[in-house]
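The following exchange examines how the terms applied to a ligand site and a helix are justified. Please consult the structure while reading.

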Amino acid sequence: MHKFDDKASKILLNVLSHTIERLSMDPPTLDYPKSVKFFEQNAKSLISEAGNSIDTVFDQYKNTIEQSIISVDSPRNLAFIPAAPTKASMIFDLVVSAGSLCGVSWQEASGAVWAENQVIRWIADLVGLPESAGGCFVAGGTNGNLSSLVVAREEFRKKNSGSSKRLAILCSDQTHSSVKSTAIVMDCEVIVVSTNESFQLTRERIENELESHSEKYENFDIFAVVATAGTTNLGVIDDIKGISDFAKKNKIWFHVDGAYGGAGLLSDNVKDLFSGVENADSFIVDPHKWLFAPLDCAAVIYRDKSLAAEVHAQKASYLDILHDDEEGDNPSDYAFHLSRRARGLPLWFSLSVYGVEAYRNAVESSLNIASYTADVIQRSEHLSLLIKPTLSIVAFERIGWDWSDYKSWSKKQLKKQICFVVPSSVRGAPILRFAFVNPGTTEAIVDEILLSLE
Ligand SMILES: *Cc1c(COP(=O)(O)O)cnc(C)c1O
């Protein structure tokens, strides 16, 4: 099984021809989730001492497993935040998997690290970070937030070694759930500041909260403030400039979570809303969301990458040799991880093939379809737009519906393959939200979905 023999070449041919079919599928399917019973009835476990023929196993994949996939890149998938990887990025992902590449260190794969670093630099330039900036690709924004905030805490400790107060991260009621999870892992507190009427975190809100509850926060050391550049639920960009001024004044680490919205930096129409992002001590963006890379791929970038290496580089007798090379970077040093695939390469390949302009146009097309959708909703009598979209998320209510109406509508549309849209909520009330990241989502698709809400 480790030789490229007839069996292996048959697997390759099967997999490639099926992959080509899948890549050319237009549109990709939105299959309804199957029950455990379905798999018990249709897919016996094939794990056995003797193994099976390739055809048996691959048929099981095609006939049962694959039949339960809600394609993340369907132009009708607007739920959560989907993905829309380019064809070149998907194809190159196969190369990364088959390339015997370990993306841990410069020593093991210097060229791959060099190429990944070009993409990191490209993102750092979009953000406006200095030469000292650097980072790596991790599995997701959750890891990016954790890795950044751990560095923030260690920096704080270096400078405030005498303090025994409880450590705290400051963020908003719209901040992504992963920041709260990070706080649990780090055993620190989260100070949640409520957002303004536009669902933005602002400097004023932060200062009001801290002043009006000064006793409550007396025993906290705030070591980081998180601004979100594109909130997950509503696509809102916080007052990044104001928050960065607050962070600077109080000598607090300034982290910007652009996991979803960071791609907006490519658009001249919204770029100005990110003003202040260049002051970030750390920044994350998920290319697997709105930068058209396959899962799983998030970039974490520090203003001064050496601070991250001080914290995250693992030390052991069997690893010390990796740090001998003065010239090259080790991606493993910049986040909470060690073994890793060179998951930045599909983006590097695709960006190099199609060019930045194609990426800019693709981001622009999501902004356009979002504003088209908002216009139609505003003109509709039975729908109510929650806020004008900042980026490519459109949130709205179906007047007169409760939770159960939303849920049953959502299931019905998925069954009919009209769309995958799930209800969310804002301040306790149910809403629908469309997250547009796929340039294939047309006005006709939006019209069809909105019609089903009448
Ligand atoms: C999606 C998201 C995350 C988490 O990213 P994962 O890649 O799912 O781990 C963090 N922050 C924001 C703003 C997000 O939208």
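Q: What makes the pair formed by Thr232 and the ligand a polar contact?
A: In this predicted model, an N or O atom in the side chain of Thr232 is 2.8 Å from an oxygen atom of the ligand. The cut-off for a pair of N or O atoms is 3.5 Å, so the pair is called a polar contact.

Q: Which distances place Asp286 and Lys289 under that heading?
A: A polar side-chain atom of Asp286 lies 2.6 Å from a ligand oxygen, and one of Lys289 lies 2.8 Å from a ligand oxygen. Both values are within 3.5 Å, and therefore both pairs count as polar contacts.

Q: How much of the ligand does the protein bury?
A: The ligand taken alone exposes 380 Å², and the protein buries 86% of that area.

Q: Which elements give two or more residues to the shell around the ligand?
A: They are H6 and helix H11 (287-290). H6 gives the most, with 3 residues.

Q: Why is Asp286 said to be near the ligand?
A: A residue is near if one of its heavy atoms lies within 4 Å, and the polar side-chain atom of Asp286 lies 2.6 Å from a ligand oxygen; therefore Asp286 qualifies. Of the 16 residues around the ligand, those that come nearest include Asp286, Gly141 and Thr142.

Q: How do the shell residues divide by character?
A: There are 3 nonpolar, 10 polar and 3 charged residues.

Q: Why are Leu307, Ala308, Ala309 and His312 of helix H12 called buried?
A: The term requires under 20% relative accessible area, and these four residues of H12 (305-312) are assigned to it because they meet that limit. The buried residues of H12 pack against helix H6 (141-159), strand E5 (253-257) and strand E7 (298-302).

Key. Residues are numbered from 1 along each chain as its sequence is written. This is a predicted model: local features need pLDDT of at least 70, side-chain atom pairs count only at pLDDT 80 or more; totals for chains, interfaces and linings use all residues. Side-chain values use heavy atoms; hydrogens and water are left out. Buried means under 20% relative accessible area, exposed over 50%, partly exposed in between (1.4 Å probe, protein chains only). Contact means heavy atoms within 4.5 Å. A polar contact is a pair of N or O atoms within 3.5 Å; within protein, one must be able to donate a hydrogen and the other to accept it, and residues adjacent in sequence count only if both atoms are side-chain atoms. Accessible areas come from the Shrake-Rupley method with a 1.4 Å probe; for residues, only the protein chains shown count as cover. Ala, Val, Leu, Ile, Met, Phe, Trp, Tyr, Cys and Pro count as nonpolar, Asp, Glu, Lys and Arg as charged, and the others, Gly among them, as polar.
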